[in-house]
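This report describes one protein chain, from its overall build to selected local features. The sequence and structure are shown first.

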Amino acid sequence: MYSSDSNVTYLGYIPSPDSCPTDIKYCAYDNTFWIAADPNATAPSKIIYKINTSGTVLRQFANPANDYPTGLAWVPTSRWLYAADRRSAAGSPGIIYRCDTLGGNISSYNLSIGDNYGPRGLAIEPYGPDTTLLLVYTHFSSDATPVLLKVALYELRRSDGAVLNSVVLPGWNVRGVEYDPRDGNYWLTIAQNPNRAIVKILGFRGIPGVGVDESGKPSPMEKITLSPGMPTPFSKNLKFSYSVPVKTRVKLALYDITGRLVKTFVNGEVEPGTKTIIWDGVADDNKVCASGVYLCHLETEHGSLVRKFVLAR
């Protein structure tokens, strides 16, 4: 576990659910992680795990990338998982799979980038059209002993894998990629001696609407907010508010402590500013909710927030 600052300060660790995790993504709506893992090179099924911040496995299912699972990407607004399959045989095209959070509803497409043993880390670029995929791709030769030709970062259209942007990385054997919502740039993990490192590079798109300061660097973006509910605990009506800095897509929803969706307040594009919500304790199915703890999740293209509300009838 590392901090997100430029010094990448070591903060501690949580145990991995598997001996060979290949990618990890944070799930803000319930403070968990998705893990892609390849437990054994000869195993017929690979695994996607959901773990909590202590490393306890909450759920697992077969990774649709059944050949050589590598990258994993999570789209919070649609709740889709994308998985990359690096393949094991030279000449076999890399594959991107899409599945839901139970491993079902799978669709896939072959990548047309070319060369061998390509796909590695995946991430989401929220400012691409309809959000796009970031893919680290290692281009190897087809020799008996493959030679690494180049490593590149691609921005792909999620629907079909079409390349929208790309950059060749300078001799780095990059494995993972992650988007930084604070400035629109990307973190990369480099696995090679003697220069193992975590570095940041300039993003393809930045953050729309964010200006620059006198040094030419992006100025800090005004943060999204999600207020505590009032009163707390509540018995009849709960009042709270949220705000977004620019026009953006928002999903604001309430879940019980098991993760079941209870109430959707907002699911669509909203104008900038502060919005007030009043909840009467009734679920989407018009049933009166029982006393207990509920988690309110605000998910936007600029980040996510969670608040705990307590209903006491």
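## Overall build

Of the contacts in the protein with a separation of 6 or more, 43% are between residues 24 or more positions apart. The model is predicted. It contains 22 strands and zero helices. The protein has 313 residues, and 47% of them are buried.

## Confidence

The protein has a mean pLDDT of 84, with 89% of its residues at 70 or more. Among its elements, strand 7 (residues 95-99) has the highest mean pLDDT, 95, and strand 15 (residues 197-201) has the lowest, 83. The pLDDT falls below 50 over residues 211-221. In the model, this stretch has 14 contacts beyond near neighbours in sequence.

## Arg 79 and its surroundings

Arg 79 is placed in the loop between strand 5 (69-75) and strand 6 (80-85). Its phi is near 60°, a positive value in a residue other than glycine. Arg 79 counts as buried because its relative accessibility is 15%, and the cut-off for buried is under 20%.

The side chain of Arg 79 comes to 3.0 Å from the backbone oxygen of Pro 76. Leaving aside residues up to four places away in sequence, Arg 79 touches Tyr 29, Trp 74, Cys 99, Asp 100, Thr 101, Lys 251, Tyr 255 and Glu 299. Two of these contact partners, Tyr 29 and Thr 101, also belong to the lining of the second largest pocket.

## The second largest pocket

The second largest pocket encloses about 160 Å³ of space. Its lining is formed by Tyr 29, Asp 30, Thr 32, Lys 50, Leu 58, Arg 59, Thr 101, Ile 257, Thr 258 and Gly 259. Sorted by class, the lining residues are three nonpolar, four polar and three charged.

## Further backbone features

A positive phi, near 55°, is also found at Asn 105, again a residue other than glycine. Asn 105 is located in the loop between strand 7 and strand 8 (107-110). With a relative accessible area of 55%, Asn 105 is exposed, because the cut-off for exposed is over 50%.

Cis peptide bonds occur in the loop between strand 16 (225-226) and strand 17 (238-244), where Pro 231 is placed and where Pro 233 is also found. The bond between Met 230 and Pro 231 is cis, with omega about -5°. The bond from Thr 232 to Pro 233 is cis as well, with omega near -5°.

Note on methods:
Residues numbered from 1 in each chain as written. Predicted model: local features only at pLDDT ≥ 70, side-chain atom pairs only at ≥ 80, totals over all residues. Heavy atoms only, no water. 1 Å grid on protein atoms, 1.4 Å probe; cavity = no way out; pocket = protein on both sides within 12 Å on 5 of 7 lines; lining within 4 Å. Points joined across faces, edges and corners; volume = space filled by probe spheres on them. Nonpolar A, V, L, I, M, F, W, Y, C, P; charged D, E, K, R; others polar. Helix = DSSP H or I, 4+ residues; strand = E, 2+ residues; numbered from the N terminus. Buried < 20%, exposed > 50% of the residue type's maximum accessible area, 1.4 Å probe, protein only. Polar contact = N/O pair within 3.5 Å; in protein donor to acceptor, adjacent residues only side chain to side chain. Contact = heavy atoms within 4.5 Å. pLDDT = per-residue confidence, 0-100.
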